[in-house]
Amino acid sequence: MTEQEYNIKREAFRKKALKLLEEGVIFVDLDSVYIDDEVHVGQGTFIGPCVTLEGKTHIGENCVIYQNSRIVDSKIENGTTVQSSTILSSEIGENTSVGPFAYIRPGSKSAVIARLVILLKLKTLHLETEPSPRI
């Protein structure tokens, strides 16, 4: 990649972040997020520094995506918190807490109001019932 190609890509990320800012998304640092053009982020969602959102990711309203998180081709429902985690091609239910340091493999699905504190790489995960209350 040349410097010119890098600058073009960086400007595209910044334009996307500015568009989301106008739509009600909250950022700590616009210059430290990387958001693909096809990504949707709902109003009232907070995005911390060093966050990467790729592919056809859809993040609902009033979510919190803390620093150092990477989400690829995934659906994150309203009110969900992701802390320093990687989520790949998965569906995370409403009001779920993911992380810190979770690695959610492709094809995983969580139920509503789950708490996923996963320090191991899991095979495909399917949570269909409500887990015990938050700790």
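The following paragraphs describe the fold, the helix, the nonpolar core, the salt bridges and the unusual backbone geometry of a predicted model.

The secondary structure of the chain consists of one helix and 15 strands. Of its 135 residues, 39% are classed as buried. The surface exposed by the chain amounts to about 7800 Å², and carbon and sulfur atoms contribute 50% of that area. Among contacts with a separation of 6 or more, 2% join residues 24 or more positions apart.

Helix α1 comprises the 20 residues from 3 to 22, for which a rise of 1.5 Å a residue predicts a span of 28 Å. The C-alpha atoms at its two ends lie 29 Å apart, in agreement with that expectation. Residues R10, F13, K16, A17 and L20 are the buried members of the helix. Viewed down the axis of α1, these buried residues fall within an arc of 120°, and they therefore line one face of the helix. The packing partners of this buried set are three strands, namely β1 (26–27), β2 (34–35) and β3 (40–41). On the face of α1 turned away from the buried side, the exposed residues are Q4, I8, K15 and E22. Just after the helix, G24 adopts a positive phi of about 100°.

In soluble globular proteins, nonpolar side chains tend to be buried together. In the present model, the largest nonpolar core contains 23 residues. Within this core, F27, I47 and L53 touch the most other members. The surroundings of I47, when neighbours within four places in sequence are set aside, include V25, I26, F27 and V28. Contacts of I47 also extend to V33, I35, V41, L53 and I65 under the same exclusion.

A further buried position is V39, whose relative accessible area is 2%. This residue belongs to the loop between β2 and β3. Apart from residues up to four places away in sequence, V39 touches K16, L53, E54, G55 and T57. Of these partners, K16 is one of the buried residues of α1, and L53 is one of the core residues that touch the most other members. The C-alpha atoms of V39 and S74 are 9.6 Å apart in space, with a separation of 35 residues in sequence.

Four salt bridges are present in the structure. One of them is formed by R14 and D31, whose closest N and O atoms are 2.8 Å apart. Because R14 lies in helix α1 and D31 in the loop between β1 and β2, the pair ties together parts that are 17 residues apart in sequence. Both partners are partly exposed, R14 with a relative accessible area of 29% and D31 with a value of 45%. A further salt bridge joins the side chains of E23 and K19, at 3.6 Å from N to O. Here too the residues are partly exposed, with relative accessibilities of 39% for E23 and 45% for K19. E77 and K75 likewise form a salt bridge, with the closest N and O atoms 3.5 Å apart. The relative accessible area is 28% for E77, which is partly exposed, and 38% for K75, which is also partly exposed.

Most residues other than glycine have a negative phi, and most peptide bonds are trans. Against this background, several positions in the model merit description. The peptide bond from G99 to P100 is cis, with omega near 15°. P100 is situated in the loop between β13 (97–98) and β14 (103–104). The loop between β13 and β14 also holds F101, a residue other than glycine with a positive phi near 65°. F101 is exposed, its relative accessible area being 58%. A positive phi of about 45° is likewise found at D73, which is not a glycine. This residue occupies the loop between β8 (70–72) and β9 (75–76). With a relative accessibility of 38%, D73 counts as partly exposed.

Methods
Residues numbered from 1 in each chain as written. Predicted model: local features only at pLDDT ≥ 70, side-chain atom pairs only at ≥ 80, totals over all residues. Heavy atoms only, no water. Core = buried A, V, L, I, M, F, W, Y, C linked by side-chain atoms within 4.5 Å. Buried < 20%, exposed > 50% of the residue type's maximum accessible area, 1.4 Å probe, protein only. Contact = heavy atoms within 4.5 Å. Helix = DSSP H or I, 4+ residues; strand = E, 2+ residues; numbered from the N terminus. Areas by Shrake-Rupley, 256 points an atom, 1.4 Å probe, with all protein chains shown as cover. Expected span 1.5 Å × (residues − 1). Arc of directions from axis to C-beta.
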